[in-house]
Amino acid sequence: MKKAKILLFFLTALLLTGVLVFFCHASADSSAPALTETIPFEVTTAEDTVVTVEKPEYEDLSSRFLTMEKVVVEAFPESMVTALSNNFSRVYATLAEYFNYGVMYDIVYTIDEQTSAAYQTGGRNDLEKKIAMNASYFRTNRNDLGALTHELTHAMQSYKDSKYGAANSANGGSWLTEGVADFGRYTFDLSSFSLPNYSADQKYTDSYRVTARFFLWLNQNVDSTFLEQFNEGLKCEAYTAQLFVKITGKTVDELWQMYAESDHVIR
Ligand SMILES: [Zn+2]
């Protein structure tokens, strides 16, 4: 029985590696898989002008892919635990499809009161990712549960070089990962999350929401598959600024200039 379990583990690990290698090679001869952009929610305006949210039918993915450690269940009221579980089920498949070829890892939620809000880190093996959250923060900032969608996006990234961009970043090389994670949260999470309007003192390396808004603008005005290609590029090779040129034909500075000179509108 134990042997069978170990064998199953290695076969699954092999399969996941195979999927990533396959797609990276597929992208090299520019036959990247068609990824579907699915927005999991529709906001509709009812006749009495009250905005209602139509909940889609979704599978309870949390029962299959999410483990909440006992400390998490004990740290929150039951309604909050349910909200965590529902939020996971709602966004996880979409994030996996958009950012990770549909490959889903086992996710473990745990508590770390030392962190300001939440962070993602490796799990006990290649098939698992862990997300730690500050329970006190989320008890008082319940409307910020979307921060976990940001962390779940991180869990889907697995980029080739964690130090990429360090040479031209004021944020220790993390502006790309953080920008992509906030893009994931903004695009696929229902809860309200705003991206700051463009202002002349911003830089694309400002990270988080500023970078996310730039990526969104690129998707809407330059190439609707920009972010998918960018995410895939970061998975397949160590980042160089050439990646922007490869996808759009323009340097990142030229693209930022275009953004700066535009009306900056995002939809
Ligand atoms: Zn982050």
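So, helix H7: 14 of its 14 residues are buried, where buried takes 20 or more other C-beta atoms within 10 Å of a residue's own, with C-beta atoms placed from the backbone. Helices here are DSSP runs of H or I, at least four residues, strands are E runs of at least two, and both are numbered from the N terminus. Before I go on, this is a predicted model, where local features need pLDDT of at least 70, side-chain atom pairs count only at pLDDT 80 or more, and totals for chains, interfaces and linings use all residues. Residues are numbered from 1 along each chain as its sequence is written.

Back to H7, residues 175–188. The expected span is 1.5 Å times one less than the number of residues, so its 14 residues should cover 20 Å, and the end C-alpha atoms are indeed 20 Å apart.

After H7, on the way to helix H8 (208–221), there's a loop that holds Ser-199. Is Ser-199 buried or exposed? Exposed, because it has 9 C-beta neighbours inside 10 Å, and the cut-off for exposed is 12 or fewer. Its C-alpha atom is 9.3 Å from that of His-264, although the two are 65 residues apart along the chain.

Zooming out, the protein chain has 11 helices and six strands, and 30% of its 267 residues are buried.

Now the cores. A nonpolar core here means buried Ala, Val, Leu, Ile, Met, Phe, Trp, Tyr and Cys residues joined through C-beta atoms within 7 Å. The largest has 26 residues, and Leu-95, Tyr-109, Ile-131, Met-133 and Leu-152 touch the most other members. Which helix gives this core its largest share? That's H4, with seven residues. A second, separate core has 24 residues, including Leu-176, Phe-215, Trp-217 and Leu-218.

Take Tyr-109: beyond neighbours within four places in sequence, its contacts (C-beta atoms, placed from the backbone, within 7 Å) are Leu-66, Met-68, Glu-69, Val-72, Leu-84, Ile-131 and Met-133.

Last thing, H4 (residues 78–100) against H6 (residues 147–157). They pack at about 35 degrees with axes 9 Å apart; axes are lines fitted to C-alpha atoms over the stretch in contact, and angles run from 0 to 180 degrees between N-to-C directions. H4 brings residues including Val-91, Leu-95 and Phe-99 to that contact, and H6 brings Leu-148, Leu-152 and Met-156, among others. By class, there are eight nonpolar, five polar and no charged residues, counting Ala, Val, Leu, Ile, Met, Phe, Trp, Tyr, Cys and Pro as nonpolar, Asp, Glu, Lys and Arg as charged, and the others, Gly among them, as polar.

Methods. Contact = placed C-beta atoms within 7 Å.
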